[in-house]
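Trainee: Could you go through this structure with me and explain how each label is earned? I would like to see the reasoning behind the names.

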Amino acid sequence: MGIKITGTGSYIPDEIEKNEDFVNHQFLNGDGAQIQYPTDVIIDKFKKITGIEERRYASPEQNASDLAFLSAEKAITNAGIDRETLDYIIVAHNFGDVDINSAQADTVPSLASRVKHKLGIHNPYCVAYDVLFGCPGWIEGVIQAHAFIKSNMAKRCLVIGAETLSRVIDKHDRDSMIYSDGSGAVILENTEESGGVISSVSASYTFEESNFLFFGKTYNNTASDNNKYIKMYGRKIYEFALNKVPQAMKACLDKTDFTITDLKKILIHQANEKMDEAIVKRFYGLYNQEIPDGIMPMSIQKLGNSSVATIPTLFDLILKGKIENQTIQKGDILLFASVGAGMNINALLYQF
């Protein structure tokens, strides 16, 4: 008997924004001063650090709830379930629906309520709510769904991570090249099979770290723009992640009888290629182990950082055979991990 993921789905927008598409952008420092490097040099350095070559943007008529619905439909179909039997719909996001012509976030009704409506579900006891937990929101939604099922408050849950970060980026901030759009969803339910969710760890560091990611004004001081955009203290986040995420991953694993050599895949939030590699290297270092080949699948090169959507989309793409040289087999032990605004961290151990 195990609480397992029985269906997955993802929606990757069609619009591709390549690195070279930013060549005419005027990138500025936080004080509004011109960065003293040509834009092509900035872009090249950006790629070497983040690994990102291109990213996906939602089409103008789409919002985050639309992306969430599209991935949810695929997960429901993949699981082969009756949508009316869902007990919970949990949608992780950060900015709600942001219309392309407005920077104002729209979260009333909740994105989960919108998804339930789009799915055409009549059952009033299918509870729909949103999770705001930064980039770790999707994992946190899975942790919550697992708790509901384990305590017999639910039998079947739909957990979605969806974001349209392209709607909240400052075109004068070089960090704008990091962000992308997408959605991933899973069905989590009680099964007769062994495995499933084994353990989890969550943490919120808010004493000094809460504002490492925040909403701020454009770097263009001459623009009459009162909108606010996603901003971050990149160096602080990098150092924080390297210090705290490996510890959370270790705490999650150490709660079980499994060892680090049992791990087959680590699905980590696709935030920054170099940072993710450093986190996993430090995690293995805590056990005096070297990183095995192929342990950490990556999608950031082509899909960018879509926040809550990176892990569920990566998971779905691997299962659908769309990530080169990566497969997940029945019985494999997987470790999910993420870090993001809050600052929040979580990790989840799962047997496929």
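Mentor: Let us begin with the largest nonpolar core, which has 53 residues. Among them, Met-249, Leu-263, Ile-266, Phe-283 and Leu-335 touch the most other members. Keep in mind that this is a predicted model, where local features need pLDDT of at least 70, side-chain atom pairs count only at pLDDT 80 or more, and totals for chains, interfaces and linings use all residues. Residues are numbered from 1 along each chain as its sequence is written, and side-chain values use heavy atoms, leaving out hydrogens and water.

Trainee: What makes a set of residues a nonpolar core?

Mentor: The members are buried Ala, Val, Leu, Ile, Met, Phe, Trp, Tyr and Cys residues joined through side-chain atoms within 4.5 Å. Buried means under 20% relative accessible area, while exposed is over 50% and partly exposed is in between (1.4 Å probe, protein chains only). In soluble globular proteins, nonpolar side chains tend to be buried together.

Trainee: Which element gives the largest share of this core?

Mentor: That is α5, with nine residues. Helices are DSSP runs (H or I, at least four residues), as are strands (E, at least two), and both are numbered from the N terminus.

Trainee: Which residues does Phe-283 touch?

Mentor: Leaving aside residues up to four places away in sequence, Phe-283 touches Pro-246, Met-249, Lys-250, Leu-253, Ile-260, Leu-263, Ile-266 and Leu-335. Contact here means heavy atoms within 4.5 Å. Apart from the largest core lies another core, of 34 residues, including Ala-92 and Phe-336.

Trainee: Why does Cys-126 form no bond with Cys-157?

Mentor: A disulfide is a pair of cysteine sulfur atoms within 2.5 Å. The sulfur of Cys-126 has its closest cysteine sulfur in Cys-157, 8.9 Å away, so that is too far for a bond. For Cys-135 the closest is in Cys-252, at 19 Å, again too far for a bond. The structure holds zero disulfides.

Trainee: Why is Cys-135 called buried?

Mentor: Its relative accessibility is 16%, so Cys-135 counts as buried. Cys-126 is buried as well, with a relative accessible area of 2%.

Trainee: What makes an empty space a cavity, and what makes it a pocket?

Mentor: On a 1 Å grid over the protein atoms alone, a cavity is a set of points where a 1.4 Å probe fits but cannot get out. A pocket is an open set with protein on both sides within 12 Å along at least five of seven lines, and lining residues have an atom within 4 Å of a point. Grid points are joined across faces, edges and corners, and a volume is the space filled by probe spheres set on the points.

Trainee: Which residues lie nearest the centre of the largest pocket?

Mentor: They are Asp-175, Ile-178, Met-232, Tyr-233 and Gly-234, out of 44 lining residues. The volume of the largest pocket is about 1,200 Å³, and α1 gives the largest share of its lining, six residues.

Trainee: How many cavities of 30 Å³ or more does a search find?

Mentor: Two, over the whole structure. The largest cavity has a volume of about 60 Å³, and the second largest about 40 Å³.

Trainee: How do the lining residues of the second largest cavity divide by class?

Mentor: They are seven nonpolar, no polar and no charged. Ala, Val, Leu, Ile, Met, Phe, Trp, Tyr, Cys and Pro count as nonpolar, Asp, Glu, Lys and Arg as charged, and the others, Gly among them, as polar. The lining consists of Ile-5, Trp-138, Ile-139, Val-142, Phe-336, Leu-348 and Tyr-350, so each name belongs to the nonpolar class.
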